[in-house]
Each structure stands twice: as C-alpha cells, then as structure tokens.
Amino acid sequence: MGNHKFKIIKPFSWLALVLLYGVAVWMYLSLGRFMELIPGNEGFLGKARLALCFLYVICYVLLLNAMEALQIGHRRILDLAYGQFCAAAIANLCLTVACWVLMEEGFWYFTILWVGFTAGESALGLLWILALHRVYERPHFHKEALFIYGKKEDPTEYRRMGYTINRYFHTSREAEYTEGLTVLTERIQESGIVFIGDIPTQLRNQLLKYCMQEKKECYCLPKVSDVYIQNAQVRQLHDKLLLALPAIGIRPGRKLIKRGMDIGLSILLLILVSPVMLVIAAAVKAEDKGPVLYRQSRITKGGREFQILKFRSMYVDAEREYASLARKEDKRITRVGRIIRNLHFDELPQLINVLKGDMSLVGPRPERREFIEAYSLVIPEFAERLKVRSGLTGYAQVYGKYNTEPEDKIKYDLYYIYNHSIGLDIKLMLLTVRILFQSENTEGIEEGQTNALKSWNIWKEDR
C-alpha cells in the first residue's frame, strides 16, 4: 500500500477510534444509575453528558498529540503504546474527577470507569498501532537510500545504531563526501532517497539544492546554525525576503510562569514521591553504611555554580583521582545504585534544587565546569546552554541518551531554548516518564573515555 493511502487512512482511523471512545463514554453515562447521579442528565441529549463527552474527546486528542502517540513510523512501538496508555489514563482520570464533582456519590462506579476504560482503550490503541505500523512499513522498508557521510562518521556504526532499518528508509549504499560534487550528484541520480550526514556546509548546501531540483527525498543531519534558522520569522525589507532571528531564548513573561510551575510542581512531587525517597535512602544506607546523598558542583544559568543533589549510586570516593562520566559496566556503581540509575530515581533529590531555584523542572541538564570548558573548546556554542536554568529533565534527555555526544546534545538544547513554550515544558515532563524504563537511556560512555565527546582524545593529540 502506498504512502499516499497511509496518509489518508491514519487520520481517519484514529479519529474514528477516539469518537468510538466518546460514544462508549456516552453509553456508559446513560446507564440508569448514572442518570440519577449526574445533574442535567435527563433525556437522550442531557446537557451534562453532552458536555462531558465533548470535553473528553477534545482532551483525549490533545493528549494523544502531546504524548506523540500518533507518530506511526517515527516512534518505536513501545513508545507509541506508552503514549496511548498515558493519554487514556489521564483523559479518563479527568473524566472521573469531573463526575465526582458533579455528584454526591458513586465513587466506585466512576473508579470502574477509569480502570476499565483505560485498559480497554490502551488495548484498542495497541491494536491500532500494530495495524498501522504494518501498513506504514510496507512502502518504507523498500525505500533505498544513499548515505553521504563525513570524516567523523562510520557507516558501519550507523548501521549498528539502527539507521539501516529506521522506518524512514533502508540504507543500501554509502559514499564519502570527499568523492566530490560531480561523483556524488551521479550517485544521487541512481538513488530514490538521500541521507546527508555531517559533511562540510558548502557541499551539503549544494547537494540539498540538487536534491530539491531533482525531486529527491532528502534527510540530513543539521548544523547548529540550522537550529537557529528554523526558528526564524519571515519579514520583508523593501522587496527583499528577510529572516528575523530572536536574540533571546525564553521570554520574560514565560519565565515567571515557568518559575511558578517549578515551585508548585516540585512541592507536589516531593510530597508524592517522599515514600519512595525514604525507601531509596534506607537501601543506599544499608548497602555500605555510607552517606545517602551525593553533592556535586554543577553550573547553571549565567555560569553560576551550585551543589546538585543525588542519591549516592557509586561507592564512596569513586571520583577521588579524576572526574568521569559513568561507563558501561562501571564497577564504581553499587548494586542499589545500578537500580536507581536505570530508573533515574537517583535524580529525585534534585526536586529540592528546583525548589531552591538552582534548577528548573525542564531545561538543559547541568554539567560540571571542567566538562563545559572541554566541550566549549571543540563546540563553541556549548556555553549557550547557560542562557537558561539547568533542568531536571530536558529535550536532550527525552530524545537522546546519557552518552549522547555533546555535538548532538547542544542541538537538542538550543532547539528547546529557541522554541520554548509552556506547552513544550508540559509535553517534555509527560514524555520523561517514558524514558524511566528504557535502560538504553542510561547507557554509559565507552571504556577509556572521561566525557561524552568521542573525538576528545583526537582533539588532545592535535593540540
């Protein structure tokens, strides 16, 4: 089935599914017992039922979009299933709370509604994902792409990372950028899709123009400058087309709202997770009798230094000789530490840092000063992360990994800074729960590295 048919089937199918959920809620609220419990529920077109079902469908659609539960072909099946579950759970919780407010009894009736509808909708959502996933894969699996790579890229590593079958295209051939423009354009002519890696900007732009002229589907890894430009606003200067790039990141008004959210949510979360934090503290103390909390100097907005708090996940004095990120199979990590690191629960004490104003709930992760200085020598834009408060979670944490290279992290972080909205903050907080159970997100750096910059040792030798 072609891609055109998929684009038609997808929106109509998920819209029909959500409307089916709305009708199911309507029918459930039409039962005799609920007709008595909810005011304004008289008759087939009862105002309360109509309002609840309408708001329910709208809420469900917004949550599906926020949780990226509709991005078939762009997200893994497990991520899509998680999005479907969270959208169902939150939408049904809102409906349940609304019903409790509207009536004086019926707690268990609506609790059954929440549990039953969440389970049923999650199951139907998963079936929808699996069906649409197969429809999407058929035309895309056979799309063969030419990968034009740079000196810092290894095609075999890209294949190992999963770029060969990535739901967008199938990498069948490779060409190094040093082959030259003439040879590369000839190779492009023979390909249906072109994937341009980290190559010099001038050549990349020439290849992009050629692909557009020849109507070739093209994917490319962005430069930092592309992140700036994608947020530009179109203006006119006399008869010239002008791009206006904002000089600041987060607007002053949004900063106030963001800080209010940080205070309110950090207090609420500290109350909710306090039992979990007590259990973790007891487990850390019981394992080796060492301190429960680990304090480390990190850098936040404006280059200000602060003491970040974590549950200790390594043995005492693990970094006595030198500072280093955690490695794969790191022997410095305790048994309890390995569990809480995999679940990101070692970060929970940072809610106190958020409440104090050292950090925000969402923002670039805080780095140590020595790492910022090292990364900035190779990536001058890395210091731009200090335009905003560091965060407990962030764009790079949701879409990247612990060992994602700084070159890629800065692109994620700058995208967040220059595209900030309160809605984006809420979305990233919801999506953060998704990564708690993905062990690959906590994968450490390779043996022999001290930071995430794989080219660091090469750079030191060149110096």
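Before the structure itself, one definition: a residue counts as buried under 20% relative accessible area, as exposed over 50%, and as partly exposed in between. By that scale Val97, at 38% relative accessibility, is partly exposed. I will come back to Val97 when I get to the surface. What you have in front of you is a predicted model.

Overall composition, then. The chain has 463 residues, and 45% of them are buried. Its secondary structure comes to 17 helices and 10 strands. Taking contacts with a separation of 6 or more, 71% are between residues 24 or more positions apart. The exposed area of the chain is about 24400 Å², with carbon and sulfur atoms supplying 63% of that.

Next, the interior. In soluble globular proteins, nonpolar side chains tend to be buried together. Here the largest nonpolar core contains 41 residues. Which residues have the most contacts inside this core? They are Phe311, Leu414, Tyr416 and Leu428. Helix 10, residues 252-288, gives the core its largest share, six residues. There is also a second, separate core, this one of 31 residues, and Cys53, Val57, Val61 and Leu80 are among them.

Let me stay with Phe311 for a moment. Leaving aside residues up to four places away in sequence, Phe311 touches Met277, Ile280, Ala281, Val292, Leu293, Ile340, Phe345, Asp346, Leu348 and Pro349. Phe311 also falls within strand 8, which covers residues 305-311. The other end of that strand comes up again under salt bridges.

On to those. The whole structure has 18 salt bridges, and I will go through three pairs and one network.

The first pair is Asp226 with Arg204, whose side chains meet at 2.5 Å, N to O. Asp226 sits in helix 9 (residues 224-229) and Arg204 in helix 8 (residues 201-213), so this salt bridge ties together parts 22 residues apart in sequence. The two partners fall in separate classes on the scale I opened with: Asp226 has a relative accessible area of 22% and is partly exposed, while Arg204, at 5%, is buried. Since the cut-off for buried is under 20%, Asp226 at 22% does not count as buried.

The second pair is Asp425 with Lys258, with 2.9 Å between the closest N and O atoms. Asp425 belongs to helix 16 (residues 422-435) and Lys258 to helix 10, so the link joins parts that are 167 residues apart in sequence. Both of these residues, Asp425 and Lys258, are buried. Helix 10 is the helix I named for its share of the largest core.

The third pair is Glu305 with Arg369, where the closest N and O atoms are 3.4 Å apart. Glu305 is in strand 8 and Arg369 in helix 13 (residues 369-378), so here the parts tied together are 64 residues apart in sequence. Glu305 is partly exposed, at 44% relative accessible area, and Arg369 is partly exposed as well, at 36%.

Then the network: salt bridges link Lys152, Asp198, Lys223 and Glu407.

Now the surface, and back to Val97. Where in the secondary structure is Val97? It is in helix 4. Val97 is also part of a nonpolar surface patch, together with Leu93, Trp100, Val101, Trp114 and Val115. The accessible area of these residues together is about 520 Å². Helix 4 (77-102) and helix 5 (107-141) are the elements that give two or more residues to the patch. Of the two, helix 4 supplies the largest share, four residues.

One polar pair is worth a slide. Ser13 lies in helix 1, residues 3-29. The side chains of Ser13 and Trp128 are joined by a polar contact of 2.9 Å. Not counting residues up to four places away in sequence, Ser13 touches Trp128 and Leu132.

Last, the backbone. Two residues other than glycine to look at are Lys215, with a positive phi near 60 degrees, and His238, with phi also positive and near 60 degrees. Lys215 is in the loop between helix 8 and strand 4 (217-220). His238 is in the loop between strand 5 (233-237) and strand 6 (240-244). Are these two buried or exposed? Lys215 is exposed, at 78% relative accessibility, and His238 is exposed too, at 77%.

Conventions:
Residues are numbered from 1 along each chain as its sequence is written. This is a predicted model: local features need pLDDT of at least 70, side-chain atom pairs count only at pLDDT 80 or more; totals for chains, interfaces and linings use all residues. Side-chain values use heavy atoms; hydrogens and water are left out. Buried means under 20% relative accessible area, exposed over 50%, partly exposed in between (1.4 Å probe, protein chains only). Contact means heavy atoms within 4.5 Å. Accessible areas come from the Shrake-Rupley method with a 1.4 Å probe; for residues, only the protein chains shown count as cover. A nonpolar core is a set of buried Ala, Val, Leu, Ile, Met, Phe, Trp, Tyr and Cys residues joined through side-chain atoms within 4.5 Å. A salt bridge is a side-chain nitrogen of Lys or Arg within 4 Å of a carboxyl oxygen of Asp or Glu. Patches are made of residues with over 30% relative accessible area and no salt bridge: like charges are joined within 9 Å, nonpolar side chains (Val, Leu, Ile, Met, Phe, Trp, Tyr) within 5 Å. A polar contact is a pair of N or O atoms within 3.5 Å; within protein, one must be able to donate a hydrogen and the other to accept it, and residues adjacent in sequence count only if both atoms are side-chain atoms.
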